[in-house]
Amino acid sequence: QHGVEGNRAGQHRSVEPHGRAGEQSGRDGQLDGRADQKEREERLAAENLRIKNALDKCSTNVMIANNEGRIAYLNESVVAMLGNAEADIRKALPNFNVQKLHGENIDVFHKNPAHQRNMLANLQGVHRTEITVGGRTFALAATPAVNARGERLGTSVEWKDRTAEVAQSIGAGLARAALAGKDVYVEKPFAVNFADGLRAYRAV
């Protein structure tokens with residue numbers, strides 16, 4: 001008889017069919033697996049949120065682009081920096097709008113998009129460069145973003161507006177040339193920096 005087993009005394013007892021026990025064990029295993037997966041996903045989401053909150057508030061200007069070059073993230077610092085430079089940037093890029101950068105291609109800042117895409121695609125470590133847009137000089141540091149398995153997720157770019165530093169350096173150079181008796185032509189944007197550089201050079 002199925003499900004019934006006899007003993008030596010002639011008594012009978014019920015026995016749970018092996019198939020049902022196996023099915024129950026399988027269901028329990030699936031539930032445990034789903035619970036573990038959900039817990040891992042929740043931990044990962046919490047970790048990602050902590051990282052995002054830290055990036056949002058850090059003083060470094062950070063922009064992240066995906067593998068297609070689309071801007072997927074901008075922190076508050078880089079938005080503020082580009083916002084301050086927006087009027088100048090529009091001299092070269094009339095349609096530039098810092099509030100609409102999310103989703104745009106990072107190529108928008110470069111004169112040679114094909115070269116830029118190729119460089120980012122083959123990026124192995126930190127790449128540092130400078131670009132000039134609308135009279136503004138920006139220092140960039142691009143770093144490949146990868147996951148725990150080493151798979152490429154995109155590119156992180158740190159920005160720094162070096163316009164004032166460059167102008168000051170030019171002003172100091174012109175001041176040295178003027179004091180050396182050389183003819184110097186000072187364009188209006190650098191007039192203040194030239195005067196500052198001259199005073200600083202004389203003070204040394």
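**Exercise 1: contacts far apart in sequence.** In this predicted model, work out what share of the contacts with a separation of 6 or more comes from residues 24 or more positions apart.

*Solution.* Take the contacts in the chain whose separation is 6 or more, then pick out those between residues 24 or more positions apart: they account for 37%. For a concrete pair of residues, try V166 and F138. They sit 28 residues apart in sequence, and their C-alpha atoms are 10.0 Å apart in space.

**Exercise 2: the edges of a sheet.** Find which strands stand at the edges of the open five-stranded sheet, and say why one side of each has no neighbour.

*Solution.* Start by writing down the strand order, β4-β3-β7-β6-β5, with antiparallel pairing. Now look at the two ends: β4 (71–74) and β5 (127–133) each have a single partner strand, so one side of each is left without a neighbour in the sheet. On average, neighbouring strands here are turned by 25 degrees against each other, direction ignored. Next, check the partner of β5: this strand pairs with β6 (residues 136–146) in the antiparallel sense, over seven bridges. One bridge to spot joins V133 to R136 in β6. Finally, add helix α2 (residues 76–92), which packs on the sheet and touches β3, β4, β5, β6 and β7. The direction of α2 makes about 135 degrees with that of β6.

**Exercise 3: classify a residue.** Locate V166 and decide how exposed V166 is.

*Solution.* First, the place: V166 lies in helix α4 (residues 163–179). Then compare its 22% relative accessibility with the cut-offs, under 20% for buried and over 50% for exposed. The value falls in between, so V166 counts as partly exposed.

Key:
Residues numbered from 1 in each chain as written. Predicted model: local features only at pLDDT ≥ 70, side-chain atom pairs only at ≥ 80, totals over all residues. Heavy atoms only, no water. Pairing = 2+ DSSP bridges. Helix = DSSP H or I, 4+ residues; strand = E, 2+ residues; numbered from the N terminus. Axes fitted to C-alpha atoms, helices over the stretch in contact; angles between N-to-C directions. Contact = heavy atoms within 4.5 Å. Buried < 20%, exposed > 50% of the residue type's maximum accessible area, 1.4 Å probe, protein only.
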